[in-house]
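Student: I'm new to this structure and would love a close look at one part of it. Could you pick a sheet, walk me through it slowly, and then show me what lies around it?

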Amino acid sequence: MPITPATAAWGYYDAAAPPVLRIKSGETVTVHTLITSTPARLEGAGLPAAQVEPALRDITEHVTNKGPGGHILTGPIFVEGAEPGDVLEVRIQSVKLAIPYAYNAFGAKSGFIPEDFGYAKMRIIPLDEKKMVAHFLPGIDIPLRPFFGSMGVAPPAAAGRINSAPPGIHGGNLDNKELVAGTTLYLPVHAAGALFFVGDGHAAQGNGEVDITALETSLTGTLQFIVRKDLHLTLPRAETPTAYISMGLNEDLTLAAKDAVREMIAFLVTEKHLSRDDAYMLCSAAGDLEVTQVVDGTRGAHMILPKSLFGKVKTAKKEK
């Protein structure tokens with residue numbers, strides 16, 4: 001699905017947004033997402049005008065129905081059969097670079113330590129898709145692990161149109177660098193059809209995203225959507241080929257971290273049939289509690305637990 005003025009949602013998640021595509025559970029969609037910026041800002045940072053994507057110019061000129069956030073999202077996608085209380089399983093099958101550059105920037109009043117940087121700066125950073133690195137500075141290459149910083153469903157209708165920047169129970173701007181190709185994201189559904197939005201492409205990111213941006217770029221990706229009637233979640237959850245990931249979201253980072261731990265305990269009790277005491281102990285002995293991001297208003301934490309902990313049950317040897 002290409003991104004155009006007709007398929008773009010600029011700066012918001014909203015249960016009242018009209019769907020730009022309707023699909024059935026189990027179907028896959030290839031999406032194109034745009035860099036979170038404008039032609040003027042990119043050119044001001046030194047990008048040649050010819051390298052600005054035509055779609056970005058088109059959307060910047062023609063989309064006037066904007067929300068309070070800065071992300072240009074693709075969607076929403078209506079998934080038939082999804083109802084409030086269900087879970088939307090999003091299998092991230094592929095994520096690829098759409099352009100050969102990214103940017104990183106900070107502002108005078110944004111980022112984690114604006115008191116130390118009372119000015120704005122933006123840098124265009126070349127991306128080398130063959131080597132899968134970003135040439136940050138001479139002698140400094142950053143390995144690329146592209147992912148969509150923002151993947152979410154509509155919030156409850158009562159919330160109205162919400163800012164695309166803070167993540168929440170709808171998912172949204174999670175900025176979780178583990179959500180690469182091969183990972184599955186589980187999102188609680190709050191509106192009929194789920195109404196899935198995606199954007200905020202990152203070529204790479206460090207945990208924390210401390211200056212408020214990652215390697216911001218445009219991406220294409222193939223996503224499969226499955227409606228899960230058998231799952232009921234209160235917060236997003238994820239699963240990589242090698243690990244389980246729980247998430248916590250709160251304006252207070254400590255409370256976000258507590259929720260990430262509680263969510264992992266709940267997963268272990270429900271899915272792995274551990275006692276609460278054993279689950280708590282396992283989280284402490286083998287789980288990695290990480291800071292997802294500290295710059296989106298609502299801060300994020302997540303816990304990663306290796307699947308390798310749950311080996312095959314040993315069976316008694318047969319007697320000869």
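**A close look at a four-stranded sheet**

Tutor: Let's start with one pair of strands: β9 (residues 133-137) and β10 run antiparallel and are joined by four bridges. One of the residues to look for is Val 133, whose bridge partner in β10 is Pro 143. Please keep in mind that this is a predicted model.

Now widen the view. The pair belongs to an open sheet of four strands, in the order β7-β8-β9-β10, with antiparallel pairing. At its edges are β7 (101-106) and β10 (140-143), each of which pairs on one side only. Ignoring direction, neighbouring strands of this sheet are turned by 30° against each other on average. As general background, strands of a sheet pair through backbone hydrogen bonds, either parallel or antiparallel.

From the edge strand β7 (101-106), we can step across to a loop. Phe 106 and Ile 212 are 106 residues apart in sequence, yet their C-alpha atoms are 6.3 Å apart in space. Ile 212 sits in the loop between β15 (196-202) and β16 (219-228). Leaving aside residues up to four places away in sequence, Ile 212 touches Ala 105, Ser 110, Gly 111 and Val 295. Is this residue buried or exposed? Ile 212 counts as partly exposed because its relative accessible area is 29%, which falls between the 20% limit for buried and the 50% limit for exposed.

Next, the nonpolar cores. The largest has 42 residues, and Leu 88, Leu 185, Phe 196 and Phe 225 touch the most other members. Strand β6 (residues 87-97) gives the most to this core, five residues. A second, separate core of 18 residues includes Leu 34, Leu 42, Ile 99 and Tyr 101. Back in the neighbourhood of Leu 88, its contacts beyond four places in sequence include Val 79, Val 153, Leu 185, Phe 196 and Phe 225.

Finally, visit a helix. Helix α3 (residues 253-271) has 19 residues and reaches 27 Å from its first C-alpha to its last, close to the 27 Å expected. At its start, a side-chain oxygen of Asp 252 comes to within 2.8 Å of the backbone nitrogen of Thr 254. The buried residues of α3 include Ala 256, Ala 260, Met 264 and Phe 267. Those buried residues pack against several elements, among them β18 (243-250), α4 (276-286) and β20 (299-306). After α3 comes His 273, with a positive phi near 60°.

Methods. Residues are numbered from 1 along each chain as its sequence is written. This is a predicted model: local features need pLDDT of at least 70, side-chain atom pairs count only at pLDDT 80 or more; totals for chains, interfaces and linings use all residues. Side-chain values use heavy atoms; hydrogens and water are left out. A nonpolar core is a set of buried Ala, Val, Leu, Ile, Met, Phe, Trp, Tyr and Cys residues joined through side-chain atoms within 4.5 Å. Buried means under 20% relative accessible area, exposed over 50%, partly exposed in between (1.4 Å probe, protein chains only). Helices (H or I, at least four residues) and strands (E, at least two) are DSSP runs, numbered from the N terminus. Contact means heavy atoms within 4.5 Å. The expected span of a helix is 1.5 Å times one less than its number of residues. A polar contact is a pair of N or O atoms within 3.5 Å; within protein, one must be able to donate a hydrogen and the other to accept it, and residues adjacent in sequence count only if both atoms are side-chain atoms. Two strands pair if DSSP finds at least two bridges between them. Axes are lines fitted to C-alpha atoms, for helices over the stretch in contact, and angles run from 0 to 180 degrees between N-to-C directions.
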